[in-house]
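Thanks for coming. I'll take a few minutes on one structure and go through it piece by piece. Please have the sequence and the coordinates open.

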Amino acid sequence: MSVTETLPDTAPDKGGPAQPLLIVRDLQKYFPVRGGILGGRKAVVQAVDGVSFEVKKGETLGIVGESGCGKSTTARLLIGLIDKDRGEIIYDGQDLGGTLSLRDLRRGVQMVFQDSYASLNPRLTIEESIAFGARIQGLPDPVGRARRLMERVGLSPDRFAQRYPHEVSGGQRQRINIARALAMSPRLVVLDEAVSALDKSVEAQVLNLLADLRREFGLTYIFISHDLNVVRYISDRILVMYLGEVVEVAPVDQIWSRQAHPYTRSLFSAMPSMDPDNRTLEPPLSGDPPNPINPPSGCRFHTRCRLAESACKTRVPTLRPLSVGSEHLAACHLHDLGSGHSKAGKDVLA
Ligand code: SF4
């Protein structure tokens, strides 16, 4: 990656290139269900349960999974929009709640949401919208910064600066949201379904813009999407979530050629593909995801997994490398030698 410049006033790197920019350990978030009782206790939605991962400096980590798998809740936890119940969020070597304040986290980590219109204050002009956060943070020259970023994301300041969000298209609004995020000089940008609401042609333009900005400013992305083809295009690694847990993580080329977890396999089989090398005979996922208020015991996927055995109902699989030193991790007893699973050790998913 050749970085030509960084955004002005970007916080200096603390730990060097080898230290991950973000480390998430055992993150948990349960939401209480109003008036709900389960087994004599207050019912909770187990939205995120024991999620751990790292994001390297300069990479794009794609997060995929069905609706309700916890990927957007994870994103909101990462930028401090909601409080975690348990776990650690370590940004550039500093622990949120310890040496890292919420204010500093929000300078370093910015987010772009799916709904480009709801993200913007309809009473602010585009120039004011982009400059707003930088002004609040006390960054120098917020208006000049906003105008330079407008230029960079393809919106002429002379034409667009004094317009309001309802006067521009969805693609242009998402460019405004990207400029608004970059105006805070972040190092990590969380993109939560940021291109999902756009037409395909506009989506491609915004994806290319994001790729260019990452290269140009040495940014790091977490890219959340339900669209595997889009995630493949922009990501270096892919993390798969199911019912609040991480079930597989791998570099894009590795997971594309071999999905180690039966859930990932089903997700890929449901994806439209023109590539004859990438068609699988795997039956698509059947049924709806289980209720996150009362998730299945053992492996949470066992109620939908065609390879499930009795041990899967009681033993929780651990996320572990497929081989020593591998960057490809999966949480499935199939890859867990000595688990007692009759197919363990056999490459049944190859
Ligand atoms: Fe299927 Fe068992 Fe693996 Fe879970 S642990 S994905 S139920 S084979």
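One definition before the strands: two strands pair if DSSP finds at least two bridges between them. Keep in mind also that this is a predicted model.

Start with strand S3, residues 60-64. By that criterion, S3 pairs with strand S8, residues 220-224: 4 bridges join them, and the two run parallel. To place one of those positions, take Ile 63, whose bridge partner in S8 is Ile 224. S3 also pairs with strand S9, residues 237-242, again in the parallel sense and over 4 bridges. There, Gly 62 has Ile 238 of S9 as its bridge partner.

Is S3 buried or exposed? It is mostly covered, with 5 of its 5 residues buried. In a regular strand the side chains alternate between the two faces of the sheet. For S3, one side carries Thr 60, Gly 62 and Val 64, the other carries Leu 61 and Ile 63, and both faces are covered.

Next, the antiparallel sheet. Four strands, in the order S2-S1-S4-S5, make an open sheet with antiparallel pairing. Which strands are at the edges? They are S2, residues 41-55, and S5, residues 94-95, and each pairs on one side only. S5 is joined to S4, residues 86-91, by 2 bridges, and these strands run antiparallel. Within that pair, Ile 90 stands opposite Asp 95 in S5. A helix packs on this sheet as well: H1, residues 71-78, touches S1 (22-38), S2 and S4. The direction of H1 makes about 115° with that of S1.

Last, a helix pair. H3 covers residues 126-136 and H4 covers residues 142-152; their axes come within 8 Å and cross at roughly 125°. Why call them oblique? Angles from 65 to 115 degrees count as roughly perpendicular and those over 145 as roughly antiparallel, and a crossing at roughly 125° falls in neither class, so H3 and H4 are oblique to each other. The crossing of H3 past H4 is right-handed.

Which residues make the contact? From H3 they are Ile 126, Glu 127, Ile 130, Ala 131, Ala 134 and Arg 135. From H4 they are Pro 142, Val 143, Arg 145, Ala 146, Arg 147 and Met 150. Sorted by class, this contact has 8 nonpolar and 4 charged residues, and no polar ones.

That is what I had; I'll take questions.

Conventions
Residues are numbered from 1 along each chain as its sequence is written. This is a predicted model: local features need pLDDT of at least 70, side-chain atom pairs count only at pLDDT 80 or more; totals for chains, interfaces and linings use all residues. Side-chain values use heavy atoms; hydrogens and water are left out. Axes are lines fitted to C-alpha atoms, for helices over the stretch in contact, and angles run from 0 to 180 degrees between N-to-C directions. Angles under 35 degrees count as roughly parallel, over 145 as roughly antiparallel, 65 to 115 as roughly perpendicular and the rest as oblique. A crossing is left-handed if the near helix is turned anticlockwise from the far one by less than a right angle, and right-handed if clockwise. Contact means heavy atoms within 4.5 Å. Ala, Val, Leu, Ile, Met, Phe, Trp, Tyr, Cys and Pro count as nonpolar, Asp, Glu, Lys and Arg as charged, and the others, Gly among them, as polar. Buried means under 20% relative accessible area, exposed over 50%, partly exposed in between (1.4 Å probe, protein chains only).
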